[in-house]
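Me: I have a model open and want to learn to read it feature by feature. Can we start with contacts and work outwards?

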Amino acid sequence: EHLRSVGRAAKGVNAMFVDATKGEGLVGMAIVPRGGELFGSAGSDPDTDADESGSQELDDSVDSSASLLFVTQNGIGKRVPITEFRQTKRGGKGVIGCKFRAKDDRLVSVLGLGMEGEGSEELLLASQGGLVNRFHLHHISLLSRSATGSTILKLNDGDIVRSVALAGKNDEDLVE
């Protein structure tokens, strides 16, 4: 509704305000389906249902298993229910989804889980030093937005997480 079709030569619109002077940047994106009107009831009007800030609360029809997975370079991770995030209009600042334990920690990946019937049940993590770990997603705690998370990959000194990928339960070509 808030994004219009534009020609090839058009620049598009700002989806989110990011202040690069403060070290902010986009790390990932997840497409949240609107099936069954994910962000409000079927007959809702985003302009009348929104609060003063232009935000809209998620309703109870959201699948409780849908969540976002946050992974930091220091091997800290957590899952946050999608219902913890409100919908904002384009060009907004967004909301904090992950807090860090250390000042030097950075977000490596944000992945959407349980959306549109995704069947990925395992996570692959790879570090700069060559350490690779594969485990089930249910081992990662489901926490609130304000929580820092728990250690999901124990790293050697000076090593950092570089890559995060979802793997399906039956991805035989990944297992040897």
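Me: Which residues is Ile152 in contact with, leaving aside its neighbours within four places in sequence?

Reply: This is a predicted model, so treat every value as computed. To read packing, list what a side chain touches beyond its sequence neighbours. Ile152 is in contact with Val71, Gly75, Ile76, Gly77, Leu123, Leu125, Asn133, Phe135 and Ile140, neighbours within four places aside.

Me: How many residues has the largest nonpolar core, and which have the most contacts inside it?

Reply: The largest nonpolar core has 13 residues. Those with the most contacts inside it are Leu69, Val71, Leu123, Leu125, Ile140, Ile152 and Val161. Elements giving two or more residues to this core are E1, strand E4 (120-127) and strand E7 (161-168). Apart from this core lies another, of 8 residues, among them Leu68, Phe70, Ile82 and Cys98.

Me: Which way do the residues of E1 point?

Reply: Start with the general idea. In a regular strand, side chains alternate between the two faces of the sheet. Now the case here. Ser67, Leu69 and Val71 point one way from E1. Leu68, Phe70 and Thr72 point the other way. All of these are buried.

Me: Why is E1 described as largely enclosed?

Reply: Count its buried residues. In E1, 6 of the 6 residues are buried, so the strand is largely enclosed by the rest of the structure.

Me: What is the strand order in the open sheet of 4 strands?

Reply: Read a sheet strand by strand, then look for its edges. The order is E3-E1-E2-E6, with antiparallel pairing. The edge strands are E3 (107-113) and E6 (150-151), each pairing on one side only.

Me: How many bridges join E1 to E2, and how many join E1 to E3?

Reply: Take E2 to begin with. Strand E1 (residues 67-72) and strand E2 (residues 76-81) run antiparallel, joined by 5 bridges. On the E3 side, 6 bridges join E1 to E3, also antiparallel. Phe70 shows both pairings. Phe70 stands opposite Lys78 in E2 and opposite Val110 in E3. Another partnership is Ser67, whose bridge partner in E2 is Pro81.

Me: What lies between E1 and E2?

Reply: A turn. E1 and E2 form a hairpin with 3 residues between them. Check the backbone angles there: Gly75 in the turn has a positive phi of about 85°.

Me: Where is Asp105, and is it paired or unpaired in terms of a salt bridge?

Reply: Asp105 sits in the loop between E2 and E3. Asp105 is buried yet has no salt bridge. The nearest side chain of opposite charge is Arg106, 7.2 Å away. A salt bridge needs the nitrogen and oxygen within 4 Å, so that distance does not qualify.

Me: Which side chain does Asp105 join through a polar contact?

Reply: Thr72. The two side chains share a polar contact of 2.9 Å. Neighbours within four places aside, Asp105 is in contact with Thr72, Gln73, Asn74, Ile76 and Phe100. Now look from the other end. Thr72 belongs to strand E1 and counts as buried at 2% relative accessibility. Thr72 touches Cys98, Phe100, Asp105, Arg106, Leu107, Val108 and Val161, residues up to four places away not counted.

Me: How many salt bridges does a search of the whole structure find?

Reply: General idea again. Side chains of opposite charge can pair when their charged atoms come close. The search finds 1 salt bridge. Arg134 and Glu122 form it, at 2.4 Å, N to O. The pair links distant parts of the chain: Arg134 in strand E5 and Glu122 in strand E4, 12 residues apart.

Me: Are Arg134 and Glu122 buried or partly exposed?

Reply: Use relative accessibility. Buried means under 20%, so Glu122 at 11% counts as buried. Arg134 has 25%, so it is partly exposed.

Me: What is His136 in contact with?

Reply: Place the residue, then check its surroundings. His136 is found in strand E5 (residues 132-136). His136 is partly exposed, with a relative accessible area of 28%. Neighbours within four places aside, His136 is in contact with Glu121 and Glu122. The C-alpha atoms of His136 and Ala167 are separated by 9.3 Å, with their positions 31 residues apart along the chain.

Me: What pattern does the protein follow along the sequence?

Reply: The pattern is α-β-β-β-β-β-β-β, with 1 helix and 7 strands. Buried residues make up 31% of the 176 residues.

Note on methods
Residues are numbered from 1 along each chain as its sequence is written. This is a predicted model: local features need pLDDT of at least 70, side-chain atom pairs count only at pLDDT 80 or more; totals for chains, interfaces and linings use all residues. Side-chain values use heavy atoms; hydrogens and water are left out. Two strands pair if DSSP finds at least two bridges between them. A nonpolar core is a set of buried Ala, Val, Leu, Ile, Met, Phe, Trp, Tyr and Cys residues joined through side-chain atoms within 4.5 Å. Buried means under 20% relative accessible area, exposed over 50%, partly exposed in between (1.4 Å probe, protein chains only). Contact means heavy atoms within 4.5 Å. Lys and Arg count as positive and Asp and Glu as negative; His and the chain ends are not counted. A polar contact is a pair of N or O atoms within 3.5 Å; within protein, one must be able to donate a hydrogen and the other to accept it, and residues adjacent in sequence count only if both atoms are side-chain atoms.
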